[in-house]
Amino acid sequence: MPLRFNLVVGGTLFALAVFVGLFAPWLAHTDPVMDANLLNAEEPPSWTWWFGTDAQGRDIYSRVVHGARISLTVGIVSQLINTFIGVSLGLTAGYLGGWWDDFVNGLTNLMLAIPSLIFALAIMAVLGPGLTSLLIALGLTNWSFSCRIARASALSLKSQGYVQAAKVLGYGNLRIMVTQLLPNMLGPIIVIGTLGLGSAVLAEASLSFLGLGVRPPYPSWGSMLSEARDQITTAPWLSIFPGLAIFLTVLGLNLLGDGLRDILDPQSRSTRV
Amino acid sequence: MRAALSGVIIMADSASSAAADVILRVRDLRVHFHLSGGLLGKPRVLRAVDGVDLELKRGECLGLVGESGCGKSTVALSIVGLQAPSSGSIELDGEAVTAGGSIDRKALARTAQIVFQDPYASLNPRQTVRRTLEDPLRLHGVRARSEIDDRVATMLAHVGLRAEHADRYPHEFSGGQRQRIGIARALILNPKIVVCDEPVSALDVSIRAQIINLLLELKETLGLSYIMISHDLGVVEHMSDRVAVMYLGRIVETGPWREIFERPAHPYTRALIAAIPDPLLRVPFVRAKGELPNPLKPPDGCAFSPRCRYVEDPCRREPLPALERHRDEHLVRCWRAKEL
């Protein structure tokens, strides 16, 4: 199989982000919060300060490296919640049909009609800022796409012969959904989940930018951008490096999602023996 | 009238010693689909199966034949519990399976199984053969690892697959091998009745004979009873002890296969037999013209009358002809069966 450009580049970028997040304490030069030193305030990028320093003299490189932890954790966990909710609702709706299907459809349409960032803002307003509320807010607002995909797959899969055969063999509905339908819809769900991971990272950045995400002084890419917006003309490196981190991570995730879509086709996985 | 309609049942009553040997009894099965008529139209009723009586004896193979859309697959789905009948009863081994609409699926699963037509769509592409065969055993209470392994290995040997095939995925097999897996799955719970819904129609002609012979062999070794559904009389002729011919939701002729093939009484059966490709052109019957009538608007009187070359005035009027005794166990639903 030829190596696919989008898969390799996307996978590398995402793997790099995960690596940086995992090994942040070893990669960072200084402590991202405590090592403030006003003598070094607003230094431009140099050999000492790779990405420059901010108004408090903290090393931007160390803060971006540590920010990867928070941005990726929020992105991955909230996207897992989204996928779980979306797949549970969509799978049961498509397979069981009836009033439950109508209800889930209505709910999905409702969710699609509300701008998800505004909805997340409303949830954050109720729960208050902080990491946990950020996870809940983002995890409850972006499941409509995976729900649609799961429902459509369940509808097309449930008339397949092997699902009928499972019924005749005495399988219950839950067992049929978990063993027969779910494994066969994983491809599209993984693709949608990966693409959604990109938007979740962006949404975290947006909420943190608005001051509702991670509280300062802890660094997340969004909150760093938010703090940097006053100095964008005088110290552009404060915005460029966190922005670049978001850009590369989201780009990587989107490329990875596209690449996975190309290969997640069971027929191409192995050749006939 | 009523007595004549249920001729099959009367036969069973008169020979009560044979009744114990009846493993499947379908009585007056009706499956009606209610279709909405759109914005302005009236709701309509599609009578896919309209009063079918069937009996299957232990160790017998009953061929159920007819054109696409005649309701034969709907009968099959009702027997294995995939399609709830609108009315009528189905008894498997003396137990009613349709009582009150609720079915004990697990008990039914151990009695009746089905082999599907399309071996490409009927196997889960994400499950190995082993999982496909093991999961039903576990579900039905087989716990011991050794017994599970044993039964899977025996079943693979029965259907002519090798032990190393167990850990492969369906896409690694050819159509004929896939159908063998489908048969193994149907037989893993040791059912007594197997409904074969066009089991060879999707297969290459060169493979068909192998699968038919496999089914016949398994019937003997495992003591199975088959309902063999096909639109191809050639297949049914090769396998069946008795044949029932369906047309537009009803049985129009039934009897031992030799009777049906050598002395068909219904003009529709004759047309079906004429449609078997025969290099020697021995068949004296004429093929049917036209298409199956719209089942939403069945013709008055005999449903076959618009296509029948022997049609006369009484055929086009109510009432329907009844399924009457033609000769011994040979029943036919035609006003003119005696004259033809």
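What percentage of the 273 residues of chain A count as buried? Hi everyone, let's start there: the figure is 47%. Please keep in mind that we are looking at a predicted model.

Staying with chain A, we have 11 helices and 0 strands, so to speak an α-α-α run kept up from the N terminus on. Along the principal axes, the C-alpha atoms of chain A fill a box of roughly 75 × 50 × 25 Å. If you take the contacts in chain A with a separation of 6 or more, 70% of them come from residues 24 or more positions apart.

Now, where does chain A meet chain B? The contact draws on 18 residues from chain A and 25 residues from chain B. On the side of chain A, the elements giving two or more residues are α8 (161–168) and α9 (173–209), and α8(A) supplies the largest share, with 6 residues. By character, that side of chain A splits into 8 nonpolar, 8 polar and 2 charged residues.

Over to chain B. Here we find an open sheet of 8 strands with mixed pairing, in the order β6-β7-β8-β3-β9-β10-β12-β11. β6 (112–115) and β11 (324–327) of chain B each have a single partner strand, so they stand at the edges, with one side of each left without a neighbour in the sheet. From one strand to the next, the twist averages 25°.

Let's zoom in on the β6 edge. β6(B) runs parallel to β7(B), residues 193–197, and 4 bridges join the two. One bridge to look for pairs Gln113(B) with Val194(B) in β7(B). Lying across both strands is helix α8 of chain B, residues 175–187, which runs at about 175° to β6(B). Thanks, everyone!

Key
Residues are numbered from 1 along each chain as its sequence is written. Chains are lettered from A and ligands numbered from 1 in the order in which they are written. This is a predicted model: local features need pLDDT of at least 70, side-chain atom pairs count only at pLDDT 80 or more; totals for chains, interfaces and linings use all residues. Two residues are in contact if their C-beta atoms, placed from the backbone, lie within 7 Å. Helices (H or I, at least four residues) and strands (E, at least two) are DSSP runs, numbered from the N terminus. Ala, Val, Leu, Ile, Met, Phe, Trp, Tyr, Cys and Pro count as nonpolar, Asp, Glu, Lys and Arg as charged, and the others, Gly among them, as polar. A residue is buried if 20 or more other C-beta atoms lie within 10 Å of its own, exposed if 12 or fewer, and partly exposed in between; C-beta atoms are placed from the backbone. Two strands pair if DSSP finds at least two bridges between them. Axes are lines fitted to C-alpha atoms, for helices over the stretch in contact, and angles run from 0 to 180 degrees between N-to-C directions.
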